[in-house]
Amino acid sequence: MPRPEIYPVKKMIGFTADMLEAIDKWRAKQRPIPNVSDAIRQLVEAGLKVALPRDKRN
C-alpha cells in the first residue's frame, strides 16, 4: 500500500533569483529545514498568520 501524501495539492509557481536567494538565506538561519519546499511552506504559513488571523481564515 502506498504511503499517504502529506501535501496532495501541487502548484507550480515562479520565483525571481532574488526571492530564492532570500529564501535560502532565511532557511540557513532557521533550525535545519530539510528542503526549499519546506522553507517556502513555513514562510507562507507565517505570512498567512499575519495577513489572516486564525478567526478570519475560514
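**Exercise 1.** Is E5 buried or exposed, judged by its relative accessibility?

*Solution.* The model is a predicted one, in which local features need pLDDT of at least 70 and side-chain atom pairs count only at pLDDT 80 or more, while totals for chains, interfaces and linings use all residues. Residues are numbered from 1 along each chain as its sequence is written, and side-chain values use heavy atoms, with hydrogens and water left out. The classes are set by relative accessible area, buried being under 20%, exposed over 50% and partly exposed in between (1.4 Å probe, protein chains only). E5 has a relative accessibility of 52%, and therefore counts as exposed.

**Exercise 2.** Find how many salt bridges the structure holds, and describe the partners in each.

*Solution.* The criterion is a side-chain nitrogen of Lys or Arg within 4 Å of a carboxyl oxygen of Asp or Glu. Side chains of opposite charge can pair when their charged atoms come close. The structure holds three such salt bridges.

- Step 1: K10 meets E5 through their side chains at 3.3 Å, N to O; K10 is exposed, with a relative accessible area of 58%.
- Step 2: the side chains of K25 and E21 also form a salt bridge, at 3.3 Å from N to O. Both residues lie in helix α1, four residues apart, about one turn of the helix, where helices are DSSP runs (H or I, at least four residues) numbered from the N terminus. E21 is partly exposed, its relative accessible area being 42%.
- Step 3: D38 pairs with R41, the closest N and O atoms being 2.6 Å apart. D38 and R41 are three residues apart in helix α2 (residues 36-51), so about one helical turn separates them. D38 counts as buried at 18% relative accessibility, whereas R41, at 28%, counts as partly exposed.

**Exercise 3.** Determine which residues line the largest pocket, and of which classes they are.

*Solution.* A pocket is an open set of points on a 1 Å grid over the protein atoms alone, with protein on both sides within 12 Å along at least five of seven lines, and its lining residues have an atom within 4 Å of a point. The volume of the largest pocket is about 310 Å³. Its lining consists of Y7, V9, K10, K11, I13, F15, S37, I40, R41 and V44. Sorted by class, this lining has six nonpolar residues, one polar and three charged.

**Exercise 4.** Locate I33, and state how far it lies from G47 in sequence and in space.

*Solution.* I33 is placed in the loop between α1 and α2. With a relative accessibility of 7%, I33 counts as buried. From I33 to G47 there are 14 residues in sequence and 17 Å in space, taken from C-alpha to C-alpha.

Definitions and conventions: 1 Å grid on protein atoms, 1.4 Å probe; cavity = no way out; pocket = protein on both sides within 12 Å on 5 of 7 lines; lining within 4 Å. Points joined across faces, edges and corners; volume = space filled by probe spheres on them. Nonpolar A, V, L, I, M, F, W, Y, C, P; charged D, E, K, R; others polar. Helix = DSSP H or I, 4+ residues; strand = E, 2+ residues; numbered from the N terminus.
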